[in-house]
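The following paragraphs lead through the pairing of strands and the contacts between chains and domains. Please keep the model in view while reading.

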Amino acid sequence: MAECHPVAYQWVTEARLRGAKVIHIDPRFTRTSATADKHVPIRAGSDVVFLGALINHILANELYFKEYVVAFTNAATMVSEDYQDTEDLDGLFSGYDDKLNNYDPSSWAYATEGEGPNASPGTIGGPAAGHEHGHSGSERSAGDEHGSGGPALEHAKVKRDESLQDPHTVFQILKRHYARYTPEMVSEVCGISVDDFHYVARAVTENSGRDRTSAFVYAVGWTQHTLGAQFIRTAAIIQLLLGNMGRPGGGIMALRGHASIQGSTDIPTLYNILPGYLAMPMVGNHDTWDDYVSAIGNKQQKGFWANADAYAVSLLKAWWGDAATKENDWAFDYLPRLSGAHGTYQTTMAMKDGQVEGYFLLGQNPAVGSAHAKMQRLALAELKWLVVRDLQMIESATFWKDAPEIATGELSTEKIGTEVFFLPPASHVEKAGTFTQTQRLLQWRHKAVNPPGDCQSELEFFFELGKRIRARLADSDDPRDRPLLDLTWDYPLDDEGEISSEAVLQEINGRHLSGDKAGELAGMYTELKADGSTSSGCWIYSGVYAGGVNRSANRKPGREQGPTAQEWGWAWPDNRRILYNRASADPEGKPWSERKKYVWWDEEQQQWTGIDTPDFVKTKAPSYRPEPGTGGPDGLAGDDPFVMMADGKGWLFAPKGMLDGPLPTHYEPQESPVQNPLYGQQSNPARRVFPRKDNLWSPSGNAPGAEVYPFVFTTYRLTEHHTAGGMSRWLPYLSELQPEFFCEVSPELAAERGLANGGWATIVSARSAVEARVLVTERMTPLVIGGRTIHQVGLPYHWGVGRDAVVSGDAANDLLGIALDPNVQIQESKAGSCDIVPGRRPQGEALLRLVEEYQSRAGVTVETSNQLRTTTAGASGSSKEADA
Amino acid sequence: MGFWQHQLAGPTDPSHDAAWEEPEPRKGFFTDTSICIGCKACEVACKEWNAIPEDGLSLTGNSYDNTGSLGASTWRHVAFIEQTADRVEEARASGRRLVDLGMPALRPPDAPQGSPSAASGTAPAGLEGVVPTAVADDGSLDAMAAAARTAHATGTLPDFRWLMASDVCKHCTHAGCLDVCPTGALFRTEHGTVVVQPDVCNGCGYCVAACPFGVIERREDERDDKRGGGVVSNVGVAQKCTLCYDRLGHDQTPACAQACPTTSIKFGTLAEMLDTARDRVEVLHDNGFTEARLYGANADDGVGGTGSVFLLLDEPEVYGLPPDPRVPTADLPDMFRKAGIAAVAMFGMAVAAFAGRRR
Amino acid sequence: MDAKRTFLSWPVLRQVASGDFLGRGPAVTSQRTRDLEPRTSTADRVVQSVCPYCAVGCGQKVFVKDEKVVQIEGDPDSPISRGRLCPKGSASEQLVNSPGRQTKVLYRRPHATDWEPLDRDTALDMIADRFVESRRRTWQDHDEHGRPLRRTMGIASLGGATLDNEENYLIKKLFTAAGAIQIENQARI
């Protein structure tokens, strides 16, 4: 955090000065470790063992926050008797499908109350909010949809045992699942001593409860694993058990790395979702409007996602205006359909295979910044046309003359047929608009000056491009062009004659289209309707322009406000600064403690109040109990704080939504020198692999050839640079602070391999080899894993090969391959296998020979490490027959 | 001696000595290295504000320090020092010895006490004058401090530590650079700081040799700055930190202190800075971090104390700072006095000899 | 400047007159020094903005003089950052005024070995042409079971995590309407 988010770290520093304890868990000793109370080095990719052992410790020693856990989580909820755990199946859950290499998750569902003979025992599912197969779920990165709430359930009539004793309760399942995750196992798998484990366990549990809360803070490297989403889930389980969710000083804080990366997920430039985390329709699943609506949110489930139809209709009205009518299902058929996973890596591979003609790069430098950067560059060379919009002449714009593949002979400038358009954009001070920062806070940036030369904002560029595309199709009667021609694309212009960003923000906020309030801006998402009388480009942002006031531009100085600074910017939803903050009060609505008072029920006023906007129906008393079977927000009881979850509870166990298992389980990375000591199943059986000749992997675990790539490498950022360098390597003031690509190694590894501080090293993976200057440092710690010393090599990934930047160097991302988390299709870039040798790498074609020589020595083939199931337990389709 | 008494050595108010009619309270930095995160925002903010050119693009191999040292084109420099447990133990012991010797940086025993905190562990933290921005929940700050006082927390000895410290011009009470400057290019400001006037400096370089900290330097040649865009200014002229003289004149915080994310670099009147610094050392000592010590806070040292005070966690040499800096002109009064006595004595002897001969 | 002041401003006289006998204080200050003013005070206007690097969202104050950004520093009003910036945020002015910054449209023809200049309007037209052509060429109306797809897999995009919400909104809206589904950004990287 000190390393990559230094200004946010001021709050950590201040908390420490007030007595807070800061523990840093990271493979290497960083600037955060240097100022923490304790640094715990961990083997990259072994996080679930460490966190799972914490869960085990909390449960075994009864250190959980019992009242919170029973009332607010699904601990007491019963799970289907068909469910089988990884403990039963050697690392697989019930429902693994060997044909599709994914799970059928139906056996993970909640048990339902037996209501007559037709109740489907063991599942909440059915045609509506049914249990989509993990394969199709993964294809559409369904995990991303949970950016603002949990998945749909058919209803919320679940069986509960509040004594937590029934063996089918989530609580008991959790206990059994993590029983083997012991401090000794942590020592063996993570390389963390038993003492250090106990230090962390004591610190976290002693600092949680009524009077105290602990926070987990991660940077998004945590997501860059083949089970990245499960890493975060493990932390969520701990925080729910300790009662640290929805409370001040608690939670899990994702420190994201780009100014509006939160915004670019909320209003996604992502293939699989529409604004507000609504699913992009998928062929086969969502062929009709009715299929779609019932899949995204069910009227029988609890909470605000039950109104997903209102959010979807309002979006379609914002896009297609009068052309979206009830008769044409709100122009639902104007939406294109997914048929598989179309994430950036699948797109790159398709591009390399010649299936993509045109590509827009908007402030992105994949030739340096994406995994398998070599494949990225080779793919760019197969395009017909490429548009690069960037402040600097980045490597992705100059690949046709500067790519290292030209030196190796794999590419030649004259043979590259890609037509490249380079267009300079406006900088952040040359346009007005909002960024959404990492806490969901929208902040308006005023425009300071006009952009120089040809520079122009993305807003203006795409507005213009859209106008020109529409003009070219104006006379078309082809139905395929209707969505473009019917698109609402008439925006007011500002003083400079450019599209007004305020007008776009108003469209996002939404409007009343008919009725009493016709023409007024929507005040909040609860005003949105499914009958076509409202529009909203992104329902969760509804309210940012409430009352015609741009609330993202609120700028009351922090020092003049209370701790939640509600009048600075605007947070979605409804300006709530802590989500699910109903949980900061006990089931009766009283603060858990005076010290941790945040939102509570005011008996006199008969409403929720506090220092934040209550994330709850304002006048719903804690004692309120809905009629059984009530759906939607009305179905939430007065003590159901998790208002976006279909049962109102925090999910320790995920009966739905996670594609690789309802509980996080330790698997080794796609490529690992270590054999999974917990299960026969080596790696995540549902991960996404791409067996291709240009995407090879080293052997893992005990497989022959693993010793050829004996070390673990991990990639990361430095304070002084920004991602692929487009905003730092061109600036002299930042370049001089970290001028060269380097690798960090321990003195022990340096001695073993003959590496000299300040000298050169060549790092070889199964994909490529790069050269880096060597920093020998005690900050890298060799870890003893299963009695064997494992060395880790640290690689910052900011440099790339080109001629235009102030500083350049080999790209660490050349070493990475493409293997993805199944939930969200994010690559594993934090753990890989490599060798390291002294000296610079061979130049030209000799580089290819070196990489091939390693591959052949290790016996690498297209199949290596790509086998998904590696245990024989729980054969396909056997889950139903097996004893529960 | 009157006017001359403190002009070249000893504790004094330098702005008053430089004859500012209405000197401002002396301004200075307190750099608390125990909360530095080594982000180098100070280096960049300084360069950006003062339009200092890029200063070299090679990797030093010395931890994360690719800046090297202060110089004509580096007015803030963050040092990175990697240490193993044995060295930490030595630092702690040497700090303890300083206390035993009556470390002059510590306040007299009757002065008000700082509040210790519950901090313990590998890297020091401790309560200080932070302004609570969150709700004052049952005065928890005091409560925690009290709990810590009874707990007598001690800093456990880490296996390893990574020290980071942002260095800057010391703005000495008796500034060698200023005292040897023959042109009046260097001057003492109304804020008590020492500033070069590039339009006056003739580049003679006397100041470079006179600085006991190696801070001031002549910008030697026009670097290849085509990447930096601008024409490099002030070539051939002595350059160093101005403590943002232009900003100070308008009640603005110096660029480095304004940027510093963790307030490791604090700015204010020197008196406040010294107070804060002494409180902080006390807190750290109470928590067992006896390696903490102040640098530049002793008005009786060889430069009369500095306007930039540092809290260090090891011997100054470890950070590349001279352990006992002495301004070359510090001895001038003594030398003049001795020379005077010698002259008087010689004159006396001459007179005596002459008188003797006459007798 | 009248003769008397000029005369009295002679350094030696100033030294004596001011009591700064050693010539270390006000007596030696030059006109330039006495006139020094920070560009934060001489700016024509100050605009509140947000740092473009990481997602902490630190407040920035942008100082503008003669329609040029002359300084960017932390905004003390921000409850997030309280006026502080990291090295990257502190380098924002250099990002905006960077000498390496490209301000002209450039075009590389297929198989060419160098860039050539191109008018921005022409570039936009050429891109629109290519967009329409590629879309037409790679259009998929139905899958093999006859279910509607209504899309193109021939046009893709990457980027958006440093763009404004309004910009991402327009990109998503346009591409989706055009049937281009392969829109991605850093959030998946």
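Within strand β16(A), Trp570(A) is the bridge partner of Leu442(A). Strands, like helices, are DSSP runs numbered from the N terminus, a helix being H or I with at least four residues and a strand being E with at least two. The model is a predicted one, in which local features need pLDDT of at least 70 and side-chain atom pairs count only at pLDDT 80 or more, whereas totals for chains, interfaces and linings use all residues. Residues are numbered from 1 along each chain as its sequence is written, while chains are lettered from A and ligands numbered from 1 in the order in which they are written.

Strand β13 of chain A (residues 441-445) runs antiparallel to β16(A), and 2 bridges join them; two strands pair if DSSP finds at least two bridges between them. Both belong to an open sheet of 3 strands in chain A, with the order β12-β13-β16 and antiparallel pairing. Because β12 (433-436) and β16 (570-571) of chain A each have a single partner strand, they stand at the edges, and one side of each is left without a neighbour in the sheet. Chain C supplies a helix that packs on this sheet: α8 (residues 165-178) touches β12 and β13 of chain A, and its direction makes about 95 degrees with that of β12(A). Here axes are lines fitted to C-alpha atoms, for helices over the stretch in contact, and angles run from 0 to 180 degrees between N-to-C directions.

Chains A and C also share a strand pairing. Strand β9 of chain A (residues 358-362) and strand β7 of chain C (residues 148-159) pair in the parallel sense over 5 bridges, with Phe360(A) opposite Ser157(C).

Between these chains, 132 residues of chain A are in contact with 101 residues of chain C, contact meaning that the C-beta atoms, placed from the backbone, lie within 7 Å. On the side of chain A that touches chain C, helix α18 (residues 458-473) gives the most, with 11 residues.

Chain C touches chain B as well, through 32 residues from chain C and 31 residues from chain B. Elements of chain C that each supply at least two residues to this side include α2 (11-18), β3 (68-74) and α6 (92-97).

Chain B itself is divided by an automatic or database domain assignment into domain 1 (8-119 + 144-326) and domain 2 (328-359). In chain B, 9 residues of domain 1 are in contact with 5 residues of domain 2. Helix α5 of chain B (residues 176-180) gives the most to the domain 1 side, with 3 residues.

Conventions. Two residues are in contact if their C-beta atoms, placed from the backbone, lie within 7 Å.
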